[in-house]
Amino acid sequence: MKIARFRAARRVAYGVVQGEDVIEIRGSIYTRFRMTDIQYKLDEVKLLPPTEPTEMWAPGLNFADHLAFAGAVLGTETPPAPEHPEPWLKARSALVGPDDPIIIPRDSGGEVHYEGEAVAVIGKPCRRITPSEARKYILGYTCGNDVSERTWQKKDRSFWRAKGSDTFAPIGPWIETDIDPHGLELIVRVNGEEVQRAHTKDMLFTFFEIVSYISQQVTLHPGDLVYSGTTGVTKAIKPDDTVEVDIPGIGVLRNPVAPEFDASAI
């Protein structure tokens, strides 16, 4: 089942996507809901980020073929594969939805990169769960882009702005609740050209292991997001580019790239 959050006129609602239509629902996507007789064409509504998370977590270095590139970004030797997940928080204010622009900060060093990832959506509160229990705490999966400013990653002591700047967390287009999270192919395209391809079977730590690890110290809540990590080498994007994160079985997350508006220049 594909669950979308959308705006129709001035109303925000959840719905179930069926083909080119979205059927509005009543109730909670995290507990129980029912279908209504209110239906829209997808091209008649504005798709929003499919959840309103309190927190977004991303694991560092979760694909072996990203290790050397990560070392180059940070100006260090290739780091060893981690012995356990290394999750960090991505700012909630970075969240945007399908077709919303990724804004290049005007004081960026010019190295804002895409990172196409799969994202788990937490379905109910979880604390101190085991990896084998994690499946029942995850509602489903969506597409995500962990946008990253590489020059800031290298010069700052933390990733607060390199990963958390406004618009650096596109999510969508909806949540797929019936899919194998460890059998997903991830494809990123910039202006229609494939630039990244990965598979969740190559994650060093599975979604279940990452969610379990976070839950040992932090309670995860419905709607919270847990990223997969990224793979390989990434490249800079620039204004007027269009970035697509395509996960067959889920959908395509598409975002244009734009410069930050400088009001002082008027």
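# Close-up views of a predicted model

**View 1. Strand 15 and strand 18 pair in the antiparallel sense.** Four bridges join the two strands. The model shown here, and in every view below, is predicted. Isoleucine 187 stands opposite aspartate 246 of strand 18. Strand 18 spans residues 242-247. Is strand 18 mostly covered or mostly open? Five of its six residues are buried, and the strand is mostly covered.

**View 2. Strand 18 turns back into strand 19.** The two strands pair antiparallel over six bridges. Isoleucine 247 has glycine 251, in strand 19, as its bridge partner. Three residues lie between the strands of this hairpin. Glycine 249 belongs to the hairpin and takes a positive phi near 95°.

**View 3. Strand 2 and strand 3 form a hairpin.** Strand 2 covers residues 11-18 and pairs with strand 3 in the antiparallel sense. The pairing runs over four bridges. Glutamine 18 is bridged to aspartate 21 of strand 3. Two residues separate the strands. In the turn, glycine 19 has a positive phi of about 65°.

**View 4. Strand 3 also pairs with strand 4.** Strand 4 holds residues 33-41 and runs antiparallel to strand 3. Six bridges join them. Arginine 26 finds its bridge partner in arginine 34 of strand 4. How many residues link the two strands in their hairpin? The connection is through five residues. Why is strand 3 described as largely enclosed by the rest of the structure? Five of its seven residues, in the run 21-27, are buried, so the rest of the structure largely encloses this strand.

**View 5. Valine 226 sits in the largest nonpolar core.** This core has 57 residues. Which members touch the most other members? They are Val211, Val226 and Ile237. Leaving out residues up to four places away in sequence, valine 226 touches Trp57, Phe207, Ile210, Val211 and Ile214. Also on its contact list, with the same exclusion, are Ala118, Val119, Ala120 and Ile122. Another core lies apart from this one and has 11 residues. Its members include Val22, Tyr40, Val45 and Leu47.

**View 6. Ten named residues surround the second largest pocket, beginning with Leu42 and ending with Arg254 in sequence order.** The pocket volume is about 180 Å³. The lining includes Leu42, Val45, Lys46 and Leu47. Pro98 and Asp99 also line the pocket, as do Pro173 and Trp174. Val252 and Arg254 are lining residues too. Which elements give two or more residues to this lining? They are strand 5 (46-47), strand 14 (169-176) and strand 19 (251-259). By class, the lining divides into seven nonpolar residues, three charged and no polar.

**View 7. Glycine 172 and proline 173 are joined by a cis peptide bond.** Omega is about 5°. Most peptide bonds are trans. Proline 173 lies in strand 14. Proline 173 is also one of the residues lining the second largest pocket.

**View 8. Glycine 183 makes contacts across the sequence.** Glycine 183 lies in the loop between strand 14 and strand 15, the latter covering 185-190. Is glycine 183 buried or partly exposed? The relative accessible area of glycine 183 is 39%, which counts as partly exposed. Setting aside residues up to four places away in sequence, glycine 183 touches His199 and Thr200. How far apart in space are glycine 183 and threonine 200? They are 5.9 Å apart, C-alpha to C-alpha, and 17 residues apart in sequence.

**View 9. Two residues other than glycine have a positive phi.** Most residues other than glycine have a negative phi. Alanine 9 has a positive phi of about 60°. Alanine 9 lies in the loop between strand 1 (2-8) and strand 2. At 75% relative accessibility, alanine 9 is exposed. Asparagine 191 has a positive phi of about 55°. The loop between strand 15 and strand 16 (193-199) holds asparagine 191. Its relative accessibility is 48%, and asparagine 191 therefore counts as partly exposed, since exposed means over 50%.

Methods. Residues are numbered from 1 along each chain as its sequence is written. This is a predicted model: local features need pLDDT of at least 70, side-chain atom pairs count only at pLDDT 80 or more; totals for chains, interfaces and linings use all residues. Side-chain values use heavy atoms; hydrogens and water are left out. A nonpolar core is a set of buried Ala, Val, Leu, Ile, Met, Phe, Trp, Tyr and Cys residues joined through side-chain atoms within 4.5 Å. Buried means under 20% relative accessible area, exposed over 50%, partly exposed in between (1.4 Å probe, protein chains only). Contact means heavy atoms within 4.5 Å. On a 1 Å grid over the protein atoms alone, a cavity is a set of points where a 1.4 Å probe fits but cannot get out, and a pocket is an open set with protein on both sides within 12 Å along at least five of seven lines; lining residues have an atom within 4 Å of a point. Grid points are joined across faces, edges and corners, and a volume is the space filled by probe spheres set on the points. Ala, Val, Leu, Ile, Met, Phe, Trp, Tyr, Cys and Pro count as nonpolar, Asp, Glu, Lys and Arg as charged, and the others, Gly among them, as polar. Two strands pair if DSSP finds at least two bridges between them.
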